[in-house]
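Hello,

Here is the structure I promised to pass on to you. Have a look at it first, and then read on for what turned up in it.

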Amino acid sequence: MGTIIRHTFLDSNGIRMHVTDAGRGYPILLCHGFPELWYSWRRQIHALAEAGFRVLCPDLRGFGGTDAPEEIESYVMRELVEDIHGLFDALGIDKAGVVGHDWGGALAWQFALRHPERTERVASLNTPYIPPGPQAPSLMYRDAFGLTDKTFYMRHFQEPGVAERELEADVRDTFQKLMRPAKYADAVASFMTVGNGSSLLDKIGPGETFLSKIDLDTYVRIYKRTGFRGGLNWYRAMDLSWEEERELPSTIDLPALLVVADKDPVLRPEMAELSRPHVKNLRIERIADCGHWTQQEKPGEVASLLIDFFGDLRDPAMD
């Protein structure tokens with residue numbers, strides 16, 4: 001009999017959250033990135049539950065079945081962290097392992113930083129932990145990439161409505177173009193710079209997706225309903241988040257795992273070393289022949305690393 005995934009809705013930090021809950025044992029929280037859903041962890045949910053963990057996987061604020069407030073300031077990192085804090089309270093969880101990918105990785109690091117008393121261990125896929133720099137992110141990307149045909153995609157995201165129109169014009173095409181295996185990393189990387197009359201997806205040519213028909217249909221069905229605005233607002237709040245993060249301590253003193261993907265063109269594997277001065281107990285693992293969508297492209301490798309990292313917390317009754 002396979003693992004049963006239970007779907008529930010709960011109130012946390014002023015919003016209604018959709019959360020999946022599977023297995024029993026020590027709780028592990030999995031946080032997705034953009035443009036994803038709880039569903040991007042589908043393979044790890046089963047593997048971790050079968051290994052003796054309780055696996056909690058929410059649609060984060062702005063995504064899927066969770067509320068998506070209109071105001072950009074509602075997506076500042078402080079609010080995103082408190083969503084998870086409230087989720088733990090609503091489920092009666094004192095402490096858990098916290099895992100994230102992409103934006104979810106940034107959230108996992110920030111939760112561990114702000115609530116170490118609720119975090120047993122922290123793991124991130126692709127996203128390093130780097131404290132805020134001297135410049136706001138939008139200014140940093142402006143100076144690094146310019147504002148012509150090299151405009152960085154995160155700056156392109158800043159004007160409400162622009163990226164929504166491009167990504168929502170053909171939702172199926174959007175996911176088929178973005179969710180490509182590692183051999184298309186260079187093509188997908190063209191998403192990162194916009195301008196000179198191009199849009200986000202113009203420069204990505206034909207190619208296969210690693211998504212099955214069911215997977216693709218799932219993303220398309222949900223994003224046709226929700227649109228992309230909620231997730232894009234995480235980027236629009238990044239300067240506001242930078243302002244408040246500058247006032248926080250910058251060191252994480254918990255057991256930590258950073259998994260890098262050798263073909264990720266956005267969160268490049270060499271960036272992992274930037275975390276070492278700030279994460280005292282850091283383990284870095286590298287997955288070969290893998291692009292940005294690590295837990296979906298290499299589900300078995302990711303599950304094995306997470307089970308190993310959290311292994312001594314698992315329910316011994318599952319042996």
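To start with a small puzzle: is Glu244 buried or exposed? Glu244 is buried, with a relative accessible area of 16%, which falls under the 20% cut-off. Please keep in mind throughout that this is a predicted model.

Glu244 is a good place to begin, since it has a partner. Its side chain forms a salt bridge with Arg114, and the closest N and O atoms are 3.1 Å apart. The two come from distant parts of the chain: Glu244 belongs to helix α11 (residues 238-245) and Arg114 to helix α3, with their positions 130 residues apart. Arg114 counts as buried too, at 19% relative accessibility.

How many salt bridges are there in total? The count comes to 21. Among them are two pairs that you can set beside the one above:

- Asp143 and Arg142 meet through their side chains at 2.9 Å, N to O. Asp143 is partly exposed, with a relative accessible area of 47%, and Arg142 is partly exposed as well, at 31%.
- Lys263 and Asp262 form a salt bridge at 3.5 Å, N to O. Here Lys263 is partly exposed at 36%, and Asp262 is partly exposed at 22%.

There is also a network of salt bridges, which links Arg6, Asp21 and Arg54.

Now to the sheet. It is open and has 8 strands, in the order β1-β2-β4-β3-β5-β6-β9-β10, and the pairing is mixed. Which strands stand at the edges? They are β1 (5-12) and β10 (279-287); each has a single partner strand, so one side of each is left without a neighbour in the sheet. On average, neighbouring strands of the sheet are turned by 20° against each other, with direction ignored.

For a look at one pairing, try β5 (residues 96-101) and β6 (residues 119-125). These strands run parallel and are joined by 6 bridges. If you would like a residue to start from, Val98 has Val122 in β6 as its bridge partner.

Two helices are worth viewing together with the sheet. Helix α1 (residues 42-50) packs on it and touches β1, β2 (15-23), β3 (26-31) and β4 (53-58). The direction of α1 makes about 160° with that of β4. Helix α3 (residues 103-114), the one that holds Arg114, lies across β3, β5, β6, β9 (252-261) and β10. Its direction runs at about 145° to β5.

Two further helices round off the tour. Helix α2 (residues 77-91) has 15 residues and reaches 22 Å from its first C-alpha to its last, close to the 21 Å expected. Its buried residues include Met77, Leu80, Val81, Ile84 and Phe88, and also Asp83 and His85. After α2 comes Gly92, whose phi is positive, near 70°.

Helix α13 (residues 299-310) has 12 residues and spans 16 Å from first to last C-alpha, close to the 16 Å expected. The residues buried in α13 are Pro299, Val302, Ala303, Leu305, Leu306, Phe309 and Phe310. Why do they lie on the same side of α13? They are on the same side because they cover an arc of only 165° around the axis.

Enjoy exploring it!

Best wishes

Definitions and conventions. Residues numbered from 1 in each chain as written. Predicted model: local features only at pLDDT ≥ 70, side-chain atom pairs only at ≥ 80, totals over all residues. Heavy atoms only, no water. Helix = DSSP H or I, 4+ residues; strand = E, 2+ residues; numbered from the N terminus. Expected span 1.5 Å × (residues − 1). Buried < 20%, exposed > 50% of the residue type's maximum accessible area, 1.4 Å probe, protein only. Arc of directions from axis to C-beta. Pairing = 2+ DSSP bridges. Axes fitted to C-alpha atoms, helices over the stretch in contact; angles between N-to-C directions. Contact = heavy atoms within 4.5 Å. Salt bridge = Lys/Arg side-chain N within 4 Å of Asp/Glu carboxyl O.
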